[in-house]
Amino acid sequence: MKQLLPMLLLLLIGIPVNPVLAINQENELPKCVVVTHCVRNNWEVSNVEEAFKKAKRLIEKTPRTRITEQTDSYIHAEAMTRWLHYVDDLELKALEKKGVLQIRSESRVGIGDNGVNKKRINNLAYLMSTNK
């Protein structure tokens, strides 16, 4: 939000703004709007780069999940639910300066998720804490 206000002011006075230039490596993932089908957590880690690599490996091994977009500090994956085969979005963001990995899981449809997104993030957190 802090970065959106200056962009809006520049647009109002007629200066063209390239939105890509406004994006930096420390942008956080969006907050959950509908908390009944979305979970976002911050994981404090001692080595963000190594934790990001480990989380990426774990996401790649997760059944019914495929990475659709990735950079050095961001991953977007699509995770299919086991029962009704809905596609959920799973995002991971490395916030190097804050020493945080941010993770977000959100259902694309409906207003509830039967706890699937929370379970997905909790499972990943557990696997991150083990030596696997």
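This passage walks through the core, the salt bridges and a surface patch of a predicted model.

Let's start on the inside. The largest nonpolar core holds 19 residues, and those touching the most other members are Trp43, Leu92, Leu101, Ile103 and Met128. Quite a few pieces of the chain chip in: at least two core residues come from each of strand 1 (38-44), helix 3 (48-61), strand 3 (74-80), strand 4 (87-95), strand 5 and helix 4. Helix 3 gives the largest share, with 6 residues. That fits a general pattern, since nonpolar side chains in soluble globular proteins tend to be buried together.

Leu92 shows what life in this core looks like. Setting aside residues up to four places away in sequence, Leu92 touches Leu29, Phe52, Ala55, Ile59, Ser73, Tyr74, Ile75, Leu101, Gln102 and Ile103. Two of these partners, Leu101 and Ile103, are also on the list of core residues that touch the most other members.

Now for the charged side chains. The model has 10 salt bridges, and some of them join up: Arg66, Glu78, Asp89 and Arg108 are linked in a network. Arg108 is a good place to enter this network. Arg108 pairs with Glu78 in a salt bridge whose closest N and O atoms are 2.8 Å apart. This pair ties together distant parts of the chain, with Arg108 in the loop between strand 5 and helix 4, Glu78 in strand 3, and their positions 30 residues apart. Arg108 also forms a salt bridge with Asp89, at 2.9 Å from N to O. Here too the link runs between distant parts of the chain, this time from the loop to strand 4, 19 residues apart.

How much of these side chains is covered? Arg108 counts as partly exposed because its relative accessibility is 44%. Asp89, on the other hand, has a relative accessible area of 17%, so it is buried.

Glu78 and Asp89 each have a busy neighbourhood. Leaving out residues up to four places away in sequence, Glu78 touches Arg64, Thr65, Arg66, Thr68, Val87, Asp88, Asp89 and Arg108. With neighbours within four places likewise set aside, Asp89 is in contact with His76, Ala77, Glu78, Arg104, Ser105, Glu106 and Arg108. One of these contacts is polar and joins the side chains of Asp89 and His76 at 2.8 Å. Asp89 and Asn117 are 28 residues apart in sequence, yet their C-alpha atoms are 9.2 Å apart in space.

Two of the residues touching Asp89, Arg104 and Glu106, have a salt bridge of their own, at 3.0 Å from N to O. Both Glu106 and Arg104 are buried.

Another charged residue, Glu49, sits in helix 3. Its relative accessible area is 47%, so Glu49 is partly exposed. The C-alpha atoms of Glu49 and Gly99 are separated by 9.4 Å, although the two residues are 50 places apart along the chain.

Finally, a look at the surface. Trp83, Leu84, Tyr86 and Val109 make a nonpolar patch of about 480 Å². Val109 belongs to the loop between strand 5 (100-107) and helix 4 (116-129), and that loop also holds Arg108. Val109 counts as partly exposed because its relative accessibility is 45%.

Definitions and conventions:
Residues numbered from 1 in each chain as written. Predicted model: local features only at pLDDT ≥ 70, side-chain atom pairs only at ≥ 80, totals over all residues. Heavy atoms only, no water. Patch = residues over 30% accessible without salt bridge, like charges linked within 9 Å, V, L, I, M, F, W, Y side chains within 5 Å. Areas by Shrake-Rupley, 256 points an atom, 1.4 Å probe, with all protein chains shown as cover. Salt bridge = Lys/Arg side-chain N within 4 Å of Asp/Glu carboxyl O. Helix = DSSP H or I, 4+ residues; strand = E, 2+ residues; numbered from the N terminus. Buried < 20%, exposed > 50% of the residue type's maximum accessible area, 1.4 Å probe, protein only. Core = buried A, V, L, I, M, F, W, Y, C linked by side-chain atoms within 4.5 Å. Contact = heavy atoms within 4.5 Å. Polar contact = N/O pair within 3.5 Å; in protein donor to acceptor, adjacent residues only side chain to side chain.
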